[in-house]
Amino acid sequence: MKRVVVFGCSWGDEGKGKISNLLSYQTDCVVRFQGGANAGHSVVVNNKRYAFHLLPSGIINPQCLNILANGMVIDPLILKSEIESLGDDAVFKLAISNRATIVLPIHQHLDIAKENLKGQKIGTTGKGIGPAYSDKIDRINLKVGQFCDLFNLKKYLLDKELELKSYNLSYDLDSLYTQIFPYARYMASFVTDTAQLINELIASGKKIIFEGAQGSMLDIEHGTYPFVTSSSPIASSVPINCGIAPWLIDGSLGIVKAYTTRVGNGPFPTEIQDELATIIRTKGHEFGVTTGRPRRIGWLDLAVIKYTKMISGISYISLMLLDVLSGIKQLNICTHYEIDHQPINYYPSTIEELEKVEPVYLQLAGWDEDLTKITKYQDLPINAQKYVQAIEQITGIKVLIISVGPDLKQTIVRGKLFD
Ligand code: IMO
Ligand code: MG
(Lines give C-alpha, C1' and ligand atoms only; values in the text may rest on other atoms or scores of the structure.)
(Ligands and ions follow the chains in the order given, each with its own letter.)
Protein backbone atom coordinates (compact mmCIF):
# COMPACT_ATOMS: atom_id res chain seq x y z
CA MET A 1 0.00 0.00 0.00
CA LYS A 2 1.09 3.58 -0.60
CA ARG A 3 -1.80 5.69 0.63
CA VAL A 4 -3.21 4.64 3.97
CA VAL A 5 -5.80 6.16 6.29
CA VAL A 6 -4.91 5.98 9.99
CA PHE A 7 -8.14 6.51 11.87
CA GLY A 8 -9.89 5.96 15.20
CA CYS A 9 -12.38 3.08 15.36
CA SER A 10 -14.41 4.04 18.42
CA TRP A 11 -14.95 7.28 20.41
CA GLY A 12 -11.54 8.89 19.90
CA ASP A 13 -8.32 8.87 21.91
CA GLU A 14 -7.33 5.49 20.54
CA GLY A 15 -3.67 6.44 20.07
CA LYS A 16 -3.77 7.72 16.49
CA GLY A 17 -0.99 10.28 17.11
CA LYS A 18 1.63 7.72 18.11
CA ILE A 19 0.98 5.46 15.11
CA SER A 20 0.73 8.33 12.67
CA ASN A 21 4.07 9.69 13.91
CA LEU A 22 5.65 6.20 13.83
CA LEU A 23 4.52 5.62 10.26
CA SER A 24 5.53 9.11 9.17
CA TYR A 25 9.15 7.88 9.18
CA GLN A 26 8.18 5.47 6.38
CA THR A 27 6.21 8.01 4.35
CA ASP A 28 6.57 11.31 2.56
CA CYS A 29 3.54 13.10 3.84
CA VAL A 30 0.92 13.16 6.64
CA VAL A 31 -2.45 14.77 5.92
CA ARG A 32 -5.01 15.73 8.60
CA PHE A 33 -8.36 15.53 6.83
CA GLN A 34 -11.12 16.61 9.28
CA GLY A 35 -11.86 18.09 12.68
CA GLY A 36 -9.89 20.82 14.34
CA ALA A 37 -8.36 21.62 17.70
CA ASN A 38 -10.86 19.30 19.41
CA ALA A 39 -8.27 16.60 18.67
CA GLY A 40 -5.56 15.84 21.19
CA HIS A 41 -2.87 13.60 19.75
CA SER A 42 0.01 12.84 22.04
CA VAL A 43 3.30 11.59 20.72
CA VAL A 44 6.35 10.58 22.76
CA VAL A 45 9.69 10.60 20.96
CA ASN A 46 12.93 10.05 22.88
CA ASN A 47 11.15 10.62 26.20
CA LYS A 48 9.78 13.97 25.02
CA ARG A 49 5.99 14.34 24.95
CA TYR A 50 4.23 16.41 22.30
CA ALA A 51 0.52 17.22 22.18
CA PHE A 52 -0.89 18.04 18.77
CA HIS A 53 -4.32 19.52 18.23
CA LEU A 54 -4.22 20.86 14.70
CA LEU A 55 -0.84 19.85 13.38
CA PRO A 56 -0.43 16.39 11.87
CA SER A 57 1.68 14.02 13.97
CA GLY A 58 4.44 13.99 11.35
CA ILE A 59 5.29 17.64 12.03
CA ILE A 60 8.37 16.80 14.12
CA ASN A 61 9.73 14.50 11.44
CA PRO A 62 12.07 16.60 9.26
CA GLN A 63 11.56 14.34 6.23
CA CYS A 64 7.82 14.63 6.18
CA LEU A 65 5.50 17.12 4.52
CA ASN A 66 2.45 17.91 6.67
CA ILE A 67 -0.85 19.03 5.22
CA LEU A 68 -4.02 20.43 6.76
CA ALA A 69 -6.64 19.52 4.16
CA ASN A 70 -9.90 21.19 3.14
CA GLY A 71 -12.09 19.12 5.49
CA MET A 72 -10.55 20.69 8.57
CA VAL A 73 -11.72 23.62 10.68
CA ILE A 74 -8.67 25.65 11.67
CA ASP A 75 -8.31 28.08 14.53
CA PRO A 76 -5.46 30.42 13.49
CA LEU A 77 -4.66 31.41 17.09
CA ILE A 78 -4.32 27.82 18.24
CA LEU A 79 -2.34 26.96 15.11
CA LYS A 80 0.20 29.70 15.70
CA SER A 81 0.66 28.88 19.37
CA GLU A 82 0.97 25.17 18.55
CA ILE A 83 3.70 25.86 16.00
CA GLU A 84 5.49 28.19 18.43
CA SER A 85 5.27 25.67 21.29
CA LEU A 86 7.34 23.26 19.23
CA GLY A 87 10.30 25.64 19.46
CA ASP A 88 13.36 24.14 17.78
CA ASP A 89 11.45 20.94 17.02
CA ALA A 90 9.15 22.76 14.63
CA VAL A 91 9.51 21.68 11.08
CA PHE A 92 7.93 24.02 8.62
CA LYS A 93 7.15 21.55 5.89
CA LEU A 94 3.54 22.57 6.33
CA ALA A 95 0.79 23.28 3.81
CA ILE A 96 -2.70 24.54 4.69
CA SER A 97 -5.66 24.18 2.37
CA ASN A 98 -7.12 27.37 0.94
CA ARG A 99 -10.48 25.56 1.19
CA ALA A 100 -10.28 24.62 4.88
CA THR A 101 -12.70 26.46 7.17
CA ILE A 102 -11.84 29.00 9.85
CA VAL A 103 -12.56 28.78 13.59
CA LEU A 104 -12.47 32.03 15.54
CA PRO A 105 -12.81 32.79 19.28
CA ILE A 106 -16.44 33.71 18.63
CA HIS A 107 -17.11 30.11 17.59
CA GLN A 108 -15.71 28.92 20.92
CA HIS A 109 -17.91 31.45 22.65
CA LEU A 110 -20.97 30.14 20.79
CA ASP A 111 -19.97 26.52 21.40
CA ILE A 112 -19.96 27.06 25.16
CA ALA A 113 -23.10 29.27 25.14
CA LYS A 114 -25.07 26.73 23.07
CA GLU A 115 -23.98 23.88 25.35
CA ASN A 116 -25.14 25.82 28.38
CA LEU A 117 -28.56 26.34 26.78
CA LYS A 118 -29.01 22.66 25.91
CA GLY A 119 -31.03 20.37 28.16
CA GLN A 120 -29.17 17.39 26.74
CA LYS A 121 -25.51 18.43 26.75
CA ILE A 122 -23.08 16.85 24.30
CA GLY A 123 -20.04 17.61 26.44
CA THR A 124 -18.12 19.25 23.60
CA THR A 125 -14.48 20.22 23.88
CA GLY A 126 -15.53 23.89 23.71
CA LYS A 127 -13.17 24.54 20.80
CA GLY A 128 -15.83 26.03 18.55
CA ILE A 129 -15.99 23.00 16.24
CA GLY A 130 -19.79 22.68 15.95
CA PRO A 131 -20.43 26.41 15.34
CA ALA A 132 -17.61 26.61 12.77
CA TYR A 133 -18.93 23.61 10.80
CA SER A 134 -22.50 24.95 11.17
CA ASP A 135 -21.41 28.23 9.60
CA LYS A 136 -19.72 26.29 6.81
CA ILE A 137 -22.89 24.28 6.04
CA ASP A 138 -24.88 27.51 6.35
CA ARG A 139 -22.49 28.93 3.72
CA ILE A 140 -21.49 31.91 5.81
CA ASN A 141 -18.12 30.90 7.28
CA LEU A 142 -14.80 31.94 5.82
CA LYS A 143 -12.55 29.57 3.96
CA VAL A 144 -8.84 29.94 4.74
CA GLY A 145 -8.24 31.56 1.35
CA GLN A 146 -10.84 34.25 2.08
CA PHE A 147 -9.72 34.71 5.67
CA CYS A 148 -6.32 35.81 4.46
CA ASP A 149 -8.14 38.62 2.64
CA LEU A 150 -8.84 41.05 5.48
CA PHE A 151 -11.81 42.74 3.87
CA ASN A 152 -13.71 39.42 4.00
CA LEU A 153 -12.75 38.94 7.62
CA LYS A 154 -14.21 42.29 8.64
CA LYS A 155 -17.43 41.64 6.74
CA TYR A 156 -17.82 38.22 8.39
CA LEU A 157 -17.27 39.62 11.87
CA LEU A 158 -19.99 42.20 11.32
CA ASP A 159 -22.44 39.44 10.34
CA LYS A 160 -21.40 37.43 13.37
CA GLU A 161 -22.12 40.35 15.68
CA LEU A 162 -25.84 40.06 14.84
CA GLU A 163 -25.90 36.36 15.69
CA LEU A 164 -24.06 36.92 18.96
CA LYS A 165 -26.64 39.52 19.92
CA SER A 166 -29.40 36.96 19.38
CA TYR A 167 -27.72 34.83 22.10
CA ASN A 168 -27.36 37.90 24.33
CA LEU A 169 -23.61 37.60 23.95
CA SER A 170 -21.34 40.50 23.32
CA TYR A 171 -17.89 40.38 21.90
CA ASP A 172 -15.50 43.20 21.22
CA LEU A 173 -15.24 42.61 17.49
CA ASP A 174 -12.94 45.54 16.86
CA SER A 175 -10.33 44.14 19.17
CA LEU A 176 -10.92 40.63 17.81
CA TYR A 177 -10.22 42.00 14.34
CA THR A 178 -7.00 43.64 15.55
CA GLN A 179 -6.06 40.44 17.34
CA ILE A 180 -6.75 38.19 14.35
CA PHE A 181 -5.18 40.44 11.72
CA PRO A 182 -1.54 39.28 12.32
CA TYR A 183 -2.64 35.63 12.35
CA ALA A 184 -4.22 35.91 8.93
CA ARG A 185 -0.96 37.25 7.59
CA TYR A 186 1.02 34.56 9.40
CA MET A 187 -1.14 31.78 8.01
CA ALA A 188 -1.03 33.11 4.47
CA SER A 189 2.55 31.88 4.02
CA PHE A 190 1.42 28.24 4.40
CA VAL A 191 -1.76 28.43 2.32
CA THR A 192 -2.03 26.57 -0.94
CA ASP A 193 -4.39 24.42 -3.01
CA THR A 194 -3.77 21.18 -1.10
CA ALA A 195 -6.08 19.10 -3.30
CA GLN A 196 -3.80 19.89 -6.21
CA LEU A 197 -0.71 19.27 -4.05
CA ILE A 198 -1.95 15.88 -2.78
CA ASN A 199 -2.89 14.78 -6.29
CA GLU A 200 0.58 15.74 -7.53
CA LEU A 201 2.20 13.82 -4.66
CA ILE A 202 0.10 10.78 -5.53
CA ALA A 203 0.97 11.07 -9.23
CA SER A 204 4.67 11.08 -8.36
CA GLY A 205 4.30 7.88 -6.30
CA LYS A 206 4.72 9.38 -2.83
CA LYS A 207 3.61 7.50 0.28
CA ILE A 208 0.94 9.29 2.26
CA ILE A 209 -0.79 8.82 5.61
CA PHE A 210 -4.20 10.39 6.08
CA GLU A 211 -4.46 11.02 9.82
CA GLY A 212 -7.93 11.04 11.30
CA ALA A 213 -8.99 12.85 14.43
CA GLN A 214 -11.79 11.70 16.79
CA GLY A 215 -13.25 8.27 15.94
CA SER A 216 -15.89 6.43 13.93
CA MET A 217 -18.53 6.52 16.70
CA LEU A 218 -18.19 10.32 16.86
CA ASP A 219 -18.90 10.50 13.12
CA ILE A 220 -21.64 13.00 12.24
CA GLU A 221 -23.16 10.54 9.71
CA HIS A 222 -22.67 7.15 11.34
CA GLY A 223 -21.88 7.77 15.01
CA THR A 224 -24.01 7.87 18.16
CA TYR A 225 -25.89 11.01 17.06
CA PRO A 226 -26.37 13.56 18.58
CA PHE A 227 -23.44 12.68 20.85
CA VAL A 228 -20.94 13.06 18.06
CA THR A 229 -18.58 15.63 16.63
CA SER A 230 -19.45 17.75 13.59
CA SER A 231 -17.25 16.05 10.99
CA SER A 232 -16.71 12.62 9.51
CA PRO A 233 -13.58 10.94 10.96
CA ILE A 234 -13.96 7.59 9.16
CA ALA A 235 -11.62 6.35 6.43
CA SER A 236 -14.23 6.71 3.70
CA SER A 237 -14.45 10.47 4.26
CA VAL A 238 -10.87 11.06 3.08
CA PRO A 239 -11.57 11.55 -0.65
CA ILE A 240 -14.07 14.38 -0.15
CA ASN A 241 -12.11 15.97 2.67
CA CYS A 242 -8.87 16.00 0.67
CA GLY A 243 -10.06 16.34 -2.92
CA ILE A 244 -8.91 13.00 -4.33
CA ALA A 245 -10.63 10.15 -6.14
CA PRO A 246 -11.89 7.36 -3.84
CA TRP A 247 -9.88 4.68 -5.64
CA LEU A 248 -6.64 6.44 -4.76
CA ILE A 249 -6.92 5.20 -1.16
CA ASP A 250 -5.16 1.83 -0.87
CA GLY A 251 -6.37 0.87 2.59
CA SER A 252 -6.77 1.81 6.19
CA LEU A 253 -5.20 1.11 9.55
CA GLY A 254 -7.89 1.14 12.21
CA ILE A 255 -6.60 2.33 15.58
CA VAL A 256 -8.26 0.28 18.32
CA LYS A 257 -7.58 0.61 22.02
CA ALA A 258 -7.30 -2.68 23.98
CA TYR A 259 -10.22 -1.38 26.06
CA THR A 260 -12.64 1.45 25.21
CA THR A 261 -12.86 5.05 26.37
CA ARG A 262 -15.28 7.86 25.79
CA VAL A 263 -15.05 11.49 26.87
CA GLY A 264 -18.19 13.59 26.86
CA ASN A 265 -21.77 12.38 27.13
CA GLY A 266 -23.64 9.73 25.19
CA PRO A 267 -24.21 5.99 25.07
CA PHE A 268 -21.39 3.66 26.00
CA PRO A 269 -22.69 0.06 26.18
CA THR A 270 -19.53 -1.57 27.58
CA GLU A 271 -18.83 1.11 30.21
CA ILE A 272 -17.29 -0.25 33.42
CA GLN A 273 -19.06 1.18 36.46
CA ASP A 274 -16.93 -0.15 39.31
CA GLU A 275 -13.48 0.49 40.80
CA LEU A 276 -11.76 -1.20 37.86
CA ALA A 277 -12.55 1.89 35.75
CA THR A 278 -10.46 4.02 38.11
CA ILE A 279 -7.60 1.52 37.99
CA ILE A 280 -7.54 1.49 34.17
CA ARG A 281 -8.00 5.29 33.98
CA THR A 282 -5.05 5.89 36.27
CA LYS A 283 -2.77 3.33 34.65
CA GLY A 284 -3.67 4.39 31.12
CA HIS A 285 -3.48 8.14 31.90
CA GLU A 286 -7.01 8.40 30.56
CA PHE A 287 -7.51 12.14 30.89
CA GLY A 288 -8.25 14.34 27.86
CA VAL A 289 -5.23 15.87 26.13
CA THR A 290 -7.41 18.78 25.00
CA THR A 291 -9.68 19.35 28.01
CA GLY A 292 -8.10 17.36 30.87
CA ARG A 293 -11.46 15.65 31.52
CA PRO A 294 -11.35 12.11 32.99
CA ARG A 295 -12.31 9.63 30.29
CA ARG A 296 -15.06 7.09 30.83
CA ILE A 297 -13.70 3.52 30.68
CA GLY A 298 -15.21 0.36 29.20
CA TRP A 299 -14.39 -3.10 27.88
CA LEU A 300 -13.22 -3.58 24.33
CA ASP A 301 -16.34 -3.38 22.17
CA LEU A 302 -16.04 -5.43 19.00
CA ALA A 303 -19.66 -4.70 18.05
CA VAL A 304 -18.33 -1.18 17.47
CA ILE A 305 -15.26 -2.37 15.55
CA LYS A 306 -17.33 -4.66 13.29
CA TYR A 307 -19.66 -1.73 12.59
CA THR A 308 -16.71 0.53 11.78
CA LYS A 309 -15.33 -2.16 9.47
CA MET A 310 -18.64 -2.17 7.61
CA ILE A 311 -19.12 1.60 7.23
CA SER A 312 -15.52 2.51 6.61
CA GLY A 313 -13.33 -0.50 5.89
CA ILE A 314 -10.41 -1.54 8.12
CA SER A 315 -7.53 -3.28 6.32
CA TYR A 316 -5.50 -3.85 9.48
CA ILE A 317 -5.81 -3.07 13.18
CA SER A 318 -3.24 -1.31 15.33
CA LEU A 319 -4.01 -2.41 18.89
CA MET A 320 -3.10 0.23 21.46
CA LEU A 321 -2.38 0.29 25.21
CA LEU A 322 -2.35 -3.49 25.62
CA ASP A 323 0.15 -3.01 28.48
CA VAL A 324 -2.53 -1.24 30.55
CA LEU A 325 -4.51 -4.50 30.89
CA SER A 326 -1.67 -6.34 32.73
CA GLY A 327 -2.74 -7.42 36.22
CA ILE A 328 -6.50 -7.70 35.52
CA LYS A 329 -7.59 -11.26 36.37
CA GLN A 330 -10.42 -11.59 33.93
CA LEU A 331 -10.88 -9.63 30.73
CA ASN A 332 -14.12 -9.11 28.84
CA ILE A 333 -14.42 -8.58 25.12
CA CYS A 334 -17.85 -7.59 23.79
CA THR A 335 -18.55 -9.76 20.75
CA HIS A 336 -22.02 -8.40 19.91
CA TYR A 337 -25.13 -6.83 21.48
CA GLU A 338 -28.49 -8.27 22.42
CA ILE A 339 -31.86 -6.57 22.78
CA ASP A 340 -34.49 -8.46 24.82
CA HIS A 341 -32.10 -11.45 24.90
CA GLN A 342 -32.01 -11.61 21.11
CA PRO A 343 -28.71 -11.00 19.31
CA ILE A 344 -28.78 -8.08 16.89
CA ASN A 345 -26.66 -7.97 13.74
CA TYR A 346 -26.78 -4.19 13.13
CA TYR A 347 -25.64 -1.13 15.05
CA PRO A 348 -28.64 0.77 16.51
CA SER A 349 -29.13 4.22 15.00
CA THR A 350 -30.91 5.89 17.90
CA ILE A 351 -29.91 6.67 21.44
CA GLU A 352 -33.20 5.15 22.63
CA GLU A 353 -32.41 1.79 21.02
CA LEU A 354 -28.79 1.89 22.18
CA GLU A 355 -30.01 2.28 25.74
CA LYS A 356 -31.70 -1.12 25.40
CA VAL A 357 -28.67 -3.08 24.23
CA GLU A 358 -26.91 -5.60 26.46
CA PRO A 359 -23.31 -6.34 25.49
CA VAL A 360 -22.48 -10.04 25.25
CA TYR A 361 -18.96 -10.79 26.52
CA LEU A 362 -16.32 -13.35 25.75
CA GLN A 363 -14.39 -13.84 28.97
CA LEU A 364 -10.65 -14.37 28.77
CA ALA A 365 -8.05 -14.96 31.47
CA GLY A 366 -5.72 -12.00 31.97
CA TRP A 367 -1.96 -11.89 32.52
CA ASP A 368 0.27 -10.35 35.17
CA GLU A 369 3.47 -9.73 33.25
CA ASP A 370 4.64 -6.23 32.38
CA LEU A 371 4.44 -5.83 28.59
CA THR A 372 6.17 -2.48 28.25
CA LYS A 373 9.55 -3.83 27.16
CA ILE A 374 8.32 -6.52 24.80
CA THR A 375 9.10 -5.93 21.13
CA LYS A 376 8.22 -9.34 19.62
CA TYR A 377 4.77 -10.90 19.40
CA GLN A 378 5.99 -14.36 20.48
CA ASP A 379 7.39 -12.83 23.70
CA LEU A 380 3.93 -11.68 24.80
CA PRO A 381 2.38 -13.82 27.58
CA ILE A 382 0.23 -16.54 26.06
CA ASN A 383 -2.97 -14.96 27.45
CA ALA A 384 -2.10 -11.64 25.82
CA GLN A 385 -1.61 -13.50 22.53
CA LYS A 386 -5.01 -15.14 23.02
CA TYR A 387 -6.54 -11.68 23.57
CA VAL A 388 -5.08 -10.52 20.24
CA GLN A 389 -6.19 -13.71 18.46
CA ALA A 390 -9.74 -13.31 19.78
CA ILE A 391 -9.88 -9.82 18.26
CA GLU A 392 -8.65 -11.17 14.92
CA GLN A 393 -11.12 -14.05 14.91
CA ILE A 394 -14.16 -12.02 15.87
CA THR A 395 -13.48 -9.09 13.54
CA GLY A 396 -11.78 -10.93 10.70
CA ILE A 397 -9.06 -8.26 10.66
CA LYS A 398 -5.33 -8.88 11.21
CA VAL A 399 -3.74 -7.03 14.13
CA LEU A 400 -0.63 -5.68 12.41
CA ILE A 401 0.73 -3.42 15.15
CA ILE A 402 0.54 -3.73 18.96
CA SER A 403 1.48 -0.82 21.18
CA VAL A 404 2.76 -1.58 24.70
CA GLY A 405 3.69 1.95 25.82
CA PRO A 406 3.70 5.55 24.66
CA ASP A 407 7.22 5.61 23.23
CA LEU A 408 7.74 4.73 19.58
CA LYS A 409 10.11 1.95 20.66
CA GLN A 410 7.33 0.27 22.65
CA THR A 411 5.73 -1.16 19.56
CA ILE A 412 5.36 -4.68 18.19
CA VAL A 413 5.18 -4.69 14.40
CA ARG A 414 3.93 -7.92 12.83
CA GLY A 415 4.19 -7.06 9.16
CA LYS A 416 4.63 -4.40 6.52
CA LEU A 417 1.99 -1.78 5.84
CA PHE A 418 3.66 0.06 2.97
CA ASP A 419 5.03 -1.47 -0.28
P1 IMO B 1 -8.99 12.79 19.35
O2 IMO B 1 -8.55 13.21 17.97
C3 IMO B 1 -12.27 12.03 22.11
C4 IMO B 1 -15.89 14.46 21.64
C5 IMO B 1 -16.23 15.46 22.73
C6 IMO B 1 -17.74 15.44 22.65
C7 IMO B 1 -18.02 15.30 21.17
C8 IMO B 1 -18.30 16.63 20.47
O9 IMO B 1 -8.04 13.16 20.43
O10 IMO B 1 -9.36 11.35 19.36
P11 IMO B 1 -16.73 18.65 19.73
O12 IMO B 1 -15.85 19.54 20.54
O13 IMO B 1 -15.99 17.86 18.68
O14 IMO B 1 -17.93 19.34 19.18
O15 IMO B 1 -17.29 17.59 20.80
O16 IMO B 1 -16.84 14.72 20.61
N17 IMO B 1 -14.54 14.61 21.06
C18 IMO B 1 -13.53 13.76 21.29
N19 IMO B 1 -13.44 12.69 22.11
N20 IMO B 1 -11.21 12.36 21.34
C21 IMO B 1 -11.28 13.42 20.49
O22 IMO B 1 -10.31 13.71 19.62
C23 IMO B 1 -12.46 14.20 20.48
N24 IMO B 1 -12.85 15.30 19.80
C25 IMO B 1 -14.13 15.53 20.15
O26 IMO B 1 -15.76 15.04 23.99
O27 IMO B 1 -18.24 14.28 23.28
MG1 MG C 1 -6.93 12.42 21.95
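These questions and answers cover a metal site and some helices in a predicted model. Local features need pLDDT of at least 70 and side-chain atom pairs count only at pLDDT 80 or more, while totals for chains, interfaces and linings use all residues. Residues are numbered from 1 along each chain, ligands from 1 in the order written, and side-chain values use heavy atoms, without hydrogens and water.

Q: Which protein donors does the magnesium ion (ligand 2) have?
A: Donors are N, O and S atoms within 2.8 Å of the metal (3.2 Å for Na, K and Ca); water is not among the atoms, so sites may look incomplete. At 2.0 to 2.3 Å from the ion, the protein donors are Asp13 (OD) and Gly40 (O).

Q: How many residues apart in sequence are the parts that aspartate 13 and glycine 40 tie together?
A: Aspartate 13 is in the loop between β1 (3-8) and α1 (16-24). Glycine 40 is in the loop between β2 (29-32) and β3 (41-45), so the pair ties together parts separated by 27 residues.

Q: Is glycine 40 buried or exposed?
A: Buried means under 20% relative accessible area, exposed over 50%, partly exposed in between (1.4 Å probe, protein chains only). Aspartate 13, at 21%, is partly exposed. Glycine 40 has 14% relative accessibility, so it counts as buried.

Q: Which backbone nitrogen does a side-chain oxygen of aspartate 75 reach at the start of α2?
A: Helices here are DSSP runs (H or I, at least four residues), and strands likewise (E, at least two), numbered from the N terminus. The oxygen comes to within 2.9 Å of the backbone nitrogen of leucine 77.

Notes: A polar contact is a pair of N or O atoms within 3.5 Å; within protein, one must be able to donate a hydrogen and the other to accept it, and residues adjacent in sequence count only if both atoms are side-chain atoms.
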